[in-house]
Amino acid sequence: MTGLQLPDRDDLELLLEELRLLLANLDIEVVAVSTQKKARPDPAFLIGSGKAEALKVLAEGSQADLIVCNDMLTPIQLANLRAKTEREVWDRALVITKIFEKRAVTAEAKLQVELARCRYELPHLRGLGRQMSNAGAGIGTRGPGETEFERHRRKLQVRAVDISRKLEEIRRRRDSQRKQRRRNGVPTIALVGYTNSGKTTLLKRLCGDEKLYAADQLFATLDTAVRSVRSPSGRVLLFADTVGFIRELPPQLIAAFRATLEEATQADMLLIVLDINDPDILATYDVIQMTLQEIGAAELPRTIVLNKIDRAGSFRVARVKEQFRGENIPVCALSALTGVGVSDLWGVFDWLSPRRE
Ligand SMILES: Nc1nc2c(ncn2[C@@H]2O[C@H](COP(=O)(O)OP(=O)(O)OP(=O)(O)O)[C@@H](O)[C@H]2O)c(=O)[nH]1
Ligand SMILES: [Mg+2]
């Protein structure tokens with residue numbers, strides 16, 4: 001595993017720790033870590049070329065088959081690192097995409113992941129194709145690899161367009177369902193937050209549907225699930241579960257999961273679910289803010305849910321609540337797993353009414 005310490009990056013440790021966890025979710029064990037301080041990424045290797053050489057030695061010494069880079073690699077950097085280290089090389093975006101591939105169950109999730117994969121591969125193919133044709137071609141002739149690459153590239157392009165069309169249909173269907181709900185006067189509340197924070201567990205607790213899948217793994221949920229719930233005061237509310245966020249979620253995935261994430265952008269309120277035991281809870285909250293901004297949901301009314309209080313002491317609960325007080329947003333501390341504190345949540349929905357068209 002390798003990563004760059006750039007001047008504007010103060011969370012490399014965190015990113016690497018998270019990358020280790022992401023890899024564990026693919027049953028991959030990290031045997032060695034190598035980082036480098038640099039003013040800016042090297043265009044050829046990301047890390048310096050000497051460091052790339054050292055990485056090869058490190059990989060040999062620790063018998064690593066795979067090199068995983070925390071930073072996003074350009075097609076050229078990826079090809080160069082592969083050649084230099086004689087190892088398979090992945091970047092963070094590819095690791096996350098692979099977990100999504102592993103978790104996708106429904107047809108929609110599979111299509112979305114495949115689209116993200118196509119969009120990830122296309123620029124890489126272009127880079128490789130250029131390299132191959134430069135290597136073998138004389139002036140005015142076609143490179144030996146070019147036609148093969150071109151064929152594969154065109155196939156991917158056609159597939160990407162095809163999937164986009166299917167997803168667009170799904171989006172339209174969802175949109176008209178949402179409009180219908182609004183006409184019926186039912187407000188929608190979307191559960192958003194970091195992966196593994198307990199969104200699905202909270203939805204299970206609220207609606208009692210045991211079939212919803214919650215698990216101690218990253219990206220357990222890749223689909224939206226919308227459930228109607230009757231509040232203690234007798235109001236009907238809709239809750240939408242969504243795909244979890246993570247630091248540096250690849251843009252291809254955000255784009256491909258638009259139909260799913262739109263459930264959040266179109267909601268009347270967001271429940272931002274945080275794990276109260278997260279030692280970097282404020283940094284995590286910032287990541288969520290940024291992701292919400294990217295998907296266009298930053299302006300929605302919100303409530304902060306500090307989850308998993310069954311595993312935190314009362315001092316911790318009070319302290320984290322205090323930290324969020326300045327945000328001027330309702331904060332609710334609860335345990336989705338045991339149900340403690342969940343009854344306090346209902347009050348925040350009292351004034352909620354569905355958006356007008
Ligand atoms: N101790 C404790 N564990 C919890 C609580 N809520 C959720 N969990 C556990 O946290 C893990 C993740 O829960 P999920 O509900 O799947 O989390 P999620 O936010 O939906 O995660 P993704 O779908 O991956 O984004 C599971 O093992 C849950 O049992 C809680 O209040 N207390
Ligand atoms: Mg979930």
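**A loop glycine, a ligand shell and parallel strands**

G244 sits in the loop that connects strand 7 (236-241) with helix 8 (251-256). The model is predicted, and its protein has an average pLDDT of 90, with 94% of the residues scoring at least 70. Residues 135-140 fall below a pLDDT of 50, and this stretch has 5 contacts in the model beyond near neighbours in sequence.

Is G244 buried or exposed? The cut-off for a buried residue is 20 or more other C-beta atoms within 10 Å. G244 has 23 C-beta neighbours inside 10 Å and therefore counts as buried. Once neighbours within four places in sequence are set aside, the contacts of G244 are G193, Y194, T195, N196, S197, K199, F219 and T221. A64, by contrast, is 180 residues from G244 along the chain, and 30 Å separates the C-alpha atoms of the two.

G244 also belongs to the surroundings of ligand 1. Of the 22 residues around this ligand, those that come nearest are G198, D216, T221, G244 and L337. T221 thus appears both here and among the contacts of G244. Which element gives the largest share of the shell around ligand 1? Helix 7 (residues 199-207) does, with 3 residues. Sorted by class, the shell holds 10 polar, 7 nonpolar and 5 charged residues.

Further along the chain is helix 9 (residues 258-265). Helix 9 is largely enclosed by the rest of the structure, because 6 of its 8 residues are buried. The buried residues in helix 9 are A259, T260, L261, E262, E263 and A264.

The next elements to follow are strands 8, 9 and 10. Strand 8 (residues 269-275) runs parallel to strand 9, and 6 bridges join them. D275 has N307 of strand 9 as its bridge partner. Helix 10 (residues 281-295) completes a right-handed β-α-β unit with strands 8 and 9. From strand 9 the chain then passes through helix 11 (residues 314-325) to strand 10, in a β-α-β crossover that is also right-handed. Strand 9 pairs with strand 10 (residues 331-333) in the parallel sense, over 3 bridges, and V305 has C332 of strand 10 as its bridge partner. Strand 9 (residues 302-307) has 5 of its 6 residues buried, so the rest of the structure largely encloses it.

A β-α-β unit is found at the start of the chain as well. Strand 1, helix 1 (residues 12-24) and strand 2 form this unit, which is right-handed. Strand 1 (residues 2-5) and strand 2 (residues 34-37) run parallel and are joined by 4 bridges. T2 lies opposite S34 of strand 2.

Key
Residues numbered from 1 in each chain as written. Chains lettered and ligands numbered in written order. Predicted model: local features only at pLDDT ≥ 70, side-chain atom pairs only at ≥ 80, totals over all residues. pLDDT = per-residue confidence, 0-100. Contact = placed C-beta atoms within 7 Å. Buried ≥ 20, exposed ≤ 12 C-beta atoms within 10 Å, placed from the backbone. Helix = DSSP H or I, 4+ residues; strand = E, 2+ residues; numbered from the N terminus. Near = placed C-beta within 6 Å. Nonpolar A, V, L, I, M, F, W, Y, C, P; charged D, E, K, R; others polar. Pairing = 2+ DSSP bridges. Right-handed = clockwise from strand over helix to strand, strands pointing away.
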